[in-house]
Amino acid sequence: MNACIRAVVRTALYRDAEIYGIQQGFQGLVNGDFKLMNSRSVSNIIQLGGTVLKTARCEAFLHEEGRKLAYERLREEGIEGLVVIGGDGSFRGAEVFSRSFAIPVICVPGTIDNDLYGSDFTLGYDTATNTVIEAIDKIRDTAASHDRLFFIEVMGRDSGCIALNAGVAGGAEAILLPEKETAIDDLCKNLLRGVKGKKSSTIVIVAEGDANGGAYEVAKKVQDRIPLYDTKVTILGHMQRGGSPSSFDRVLATRLGYAACNLLLDGHNRMVVGLRANQIKSTDLEDSLNHHAFKLSDDLLEIATVMAI
Ligand code: F6P
């Protein structure tokens with residue numbers, strides 16, 4: 001987020017536009033919490049996780065009255081366009097707002113879930129996946145030393161992107177995904193094959209949206225069927241949402257922030273900027289919201305199974 005904020009601010013200044021940071025997302029719009037930015041306002045933030053502008057869930061913005069207030073605040077300040085960085089909820093808010101009021105909006109996909117249509121990758125996803133791999137590697141040390149079975153739960157809401165990619169990169173023995181149902185009996189068969197094959201450690205990645213009900217639930221069901229394991233559960237939680245961004249995320253954020261600001265200044269409206277096949281492309285905001293973003297490649301699903309033998 002910070003790398004993107006920096007890119008938007010500096011692109012605007014480069015083009016001699018005035019630029020304001022809105023504190024706490026839509027809440028700041030409603031409250032009129034605007035901060036005039038200069039180039040130094042965004043110095044030394046490219047390496048920081050989180051967002052220096054802060055963010056918030058905003059109840060008022062869900063209602064027309066709140067959105068009207070936000071529009072009036074923008075008018076009072078003379079603000080003529082918005083760049084919104086966020087996930088599905090932010091995009092939906094931006095869509096309703098720009099449909100009702102004469103304020104052009106350009107959206108930048110920012111979520112660790114990688115679940116938005118219009119970009120192969122969303123901001124934060126690469127960093128979160130790297131954090132998960134680091135955790136898997138560390139947990140693997142204990143798993144291998146003690147011959148243990150670990151269930152590691154990762155974030156992603158309804159998307160299995162983090163789970164699948166971190167699972168393959170971390171050499172997981174099984175990966176449970178929201179997009180693909182796994183029967184516990186099949187999982188047990190795989191695990192027993194590993195025992196027969198003398199595997200010294202076993203790691204099962206469970207995406208938080210998996211239909212079996214989370215890592216504790218899966219661990220319990222497996223233990224009830226095959227009690228021969230010393231089993232542990234780790235929920236990685238919010239550590240996946242923080243930390244210094246990867247080089248990939250910093251460059252992507254800079255490219256998308258630059259593109260979003262230029263689109264806005266060139267008179268575009270209701271677009272999502274994204275990276276597709278390594279090219280910066282824009283997608284109509286409504287189209288993006290109307291499409292389900294399925295980003296699990298079939299070959300990777302197959303490869304994950306083959307690599308686990
Ligand atoms: O959408 C991003 C995400 O990190 C999901 O992966 C996760 O389910 C959720 O947000 C956590 O949100 P909160 O911090 O509000 O619990």
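**Note on helix H5 and the neighbouring parallel sheet**

1. In this predicted model, helix H5 spans residues 125-146, and its 22 residues cover 31 Å from the first C-alpha to the last, which is close to the 32 Å expected at 1.5 Å a residue. Just after H5, Asp 147 adopts a positive phi of about 55°.

2. The buried residues of H5 are Tyr 125, Thr 127, Ala 128, Thr 129, Thr 131, Val 132, Ile 133, Ala 135, Ile 136, Ile 139, Arg 140 and Ala 143. These buried residues pack against three strands, namely S5 (148-154), S7 (202-207) and S8 (230-235), and against two helices, H6 (161-169) and H9 (247-265).

3. The open sheet consists of four strands in the order S6-S7-S5-S8, with parallel pairing. Strand S6 (174-176) and strand S8 stand at its edges, and each has a single partner strand, so one side of each is left without a neighbour in the sheet. On average, and with direction ignored, neighbouring strands of this sheet are turned by 20° against each other.

4. Within the sheet, S5 and S7 run parallel and are joined by six bridges; Phe 151 stands opposite Val 204, the latter in S7.

5. Two further helices deserve a remark alongside these strands. Helix H7 (residues 184-196) packs on the sheet, where it touches S5, S6 and S7, and its direction makes about 155° with that of S7. Helix H6, which also appears among the elements packed against by the buried residues of H5, lies across S5, S6 and S7 and runs at about 175° to S6.

Note on methods: Residues numbered from 1 in each chain as written. Predicted model: local features only at pLDDT ≥ 70, side-chain atom pairs only at ≥ 80, totals over all residues. Heavy atoms only, no water. Expected span 1.5 Å × (residues − 1). Buried < 20%, exposed > 50% of the residue type's maximum accessible area, 1.4 Å probe, protein only. Contact = heavy atoms within 4.5 Å. Pairing = 2+ DSSP bridges. Axes fitted to C-alpha atoms, helices over the stretch in contact; angles between N-to-C directions.
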